[in-house]
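Thanks for asking me to look this over. My notes follow as numbered points, to be read with the model open beside you.

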Amino acid sequence: NPMGIEAPSLSWKLYSTGRGAVQSAYEIQVASSLKAARSGKADIWSSGKISSDKQFGINIPVALSSGATYWWRVRVWDGDGRKSAWTTPSCFTMGLDDSSWSAEWITVDWNKAVRMPYLRKEISLGKGIAKAVAYVSGIGASDLFVNGEYADYTRVLDPAQTDYDHFAL
């Protein structure tokens, strides 16, 4: 369920207990909510049945909204024309495009700073917030905390090694 992607590329893996299983067709549905995906209401896009053994790198040919989350599922037909059940829906969240956000660097007066300054920004969210997404970009290593706890223990000292002359992850 990736977040912050530019263009989704959908893929799946066949599982079969038999030998020589092949895929002869697939159908993908994309919905704007988990409820819609589970009920088969592909309100964003439906591929219809596509005769193909392709299982990797399927692109969605419709415009998707900046920052939106989409739910998708797939079913396949085997070599004998039998269709599978739908997969459990998965999701992806689009990244922000250039017109969807504005931000300012959190910085320091480098004439007065120590060699490795500690920069910190605190924000307060109103009550009743069900979901919040933080888009964090840093030149150097950064950690994101929410209420004094790591937001994600798998993302410590992000971003990875970066060529800062060209971009900031």
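1. Let me begin with the largest nonpolar core, in what is a predicted model. This core holds 15 residues, and the ones that touch the most other members are Trp12, Ile28, Trp72 and Phe92. Strands S3, S7 and S8 each contribute at least two residues to it. S7 gives the most, with 4 residues.

2. Trp12 is a good residue to click on next. Setting aside neighbours within four places in sequence, Trp12 is in contact with Gln23, Tyr26, Ile28, Lys54, Gln55, Ile58, Trp72, Val74 and Val76. Two of the names on that list, Ile28 and Trp72, also appear with Trp12 among the core residues that touch the most other members.

3. There is also a second core, separate from the one above. This second core has 5 residues, including Ala31, Ala37, Trp71 and Cys91.

4. Ala31 deserves a closer look. Ala31 lies in strand S3. Is Ala31 buried or exposed? Its relative accessible area is 1%, and because buried means under 20%, Ala31 counts as buried. Leaving out neighbours within four places in sequence, the residues in contact with Ala31 are Ala36, Ala37, Lys41, Ala42, Asp43, Ile44, Tyr70 and Trp71. Ala37 and Trp71 from that list are also members of the second core. For a sense of scale, Ala31 and Tyr153 are 122 residues apart in sequence, while their C-alpha atoms are 30 Å apart in space.

5. Now for strand S7, which covers residues 69-78. Of its 10 residues, 8 are buried, so S7 is largely enclosed by the rest of the structure. S7 has pairing partners in S3 and S8. With S3 (residues 23-31), S7 pairs in the antiparallel sense over 8 bridges. Along that pairing, Ala25 stands opposite Trp77, and Gln29 stands opposite Arg73. With S8, S7 pairs over 4 bridges, again in the antiparallel sense; here Thr69 stands opposite Thr93.

6. Strand S3 is mostly covered, as 8 of its 9 residues are buried. Besides S7, which strands does S3 pair with? One is S5 (residues 50-51), which runs antiparallel to S3 and is joined to it by 2 bridges. Ala25 has Ser51 as its bridge partner in S5, and Ala25 also stands opposite Trp77 in S7. Another is S4 (residues 45-46), likewise antiparallel to S3 and joined by 2 bridges; in that pairing Val30 stands opposite Trp45.

7. Strand S8 (90-94) is mostly covered too, with 4 of its 5 residues buried. How does S1 (residues 3-5) pair with S8, in the parallel or the antiparallel sense? The two pair in the parallel sense, over 2 bridges. The bridge partner of Ile5 in S8 is Met94. The pairing of S8 with S7, by contrast, is antiparallel.

8. Please look at the loop between S7 and S8 as well, where Ser84 has its place. The relative accessible area of Ser84 is 31%, which makes this residue partly exposed. Not counting residues up to four places away in sequence, Ser84 touches Arg75 and Val76. Val76 is also in contact with Trp12. Ser84 and Gly4 are 80 residues apart in sequence, and the C-alpha to C-alpha distance between them is 30 Å.

9. My last point concerns the second largest pocket, whose volume is about 360 Å³. Its lining is made up of 19 residues, and those closest to the centre of the pocket are Leu14, Tyr15, Ser16, Val76 and Asp78. What kinds of residue line this pocket? The lining divides into 9 nonpolar, 4 polar and 6 charged residues. Val76 ties several of these points together: Val76 is among the residues closest to the centre of this pocket, Trp12 is in contact with Val76, and Ser84 touches Val76.

Definitions and conventions:
Residues are numbered from 1 along each chain as its sequence is written. This is a predicted model: local features need pLDDT of at least 70, side-chain atom pairs count only at pLDDT 80 or more; totals for chains, interfaces and linings use all residues. Side-chain values use heavy atoms; hydrogens and water are left out. On a 1 Å grid over the protein atoms alone, a cavity is a set of points where a 1.4 Å probe fits but cannot get out, and a pocket is an open set with protein on both sides within 12 Å along at least five of seven lines; lining residues have an atom within 4 Å of a point. Grid points are joined across faces, edges and corners, and a volume is the space filled by probe spheres set on the points. Ala, Val, Leu, Ile, Met, Phe, Trp, Tyr, Cys and Pro count as nonpolar, Asp, Glu, Lys and Arg as charged, and the others, Gly among them, as polar. Buried means under 20% relative accessible area, exposed over 50%, partly exposed in between (1.4 Å probe, protein chains only). Contact means heavy atoms within 4.5 Å. Two strands pair if DSSP finds at least two bridges between them. A nonpolar core is a set of buried Ala, Val, Leu, Ile, Met, Phe, Trp, Tyr and Cys residues joined through side-chain atoms within 4.5 Å.
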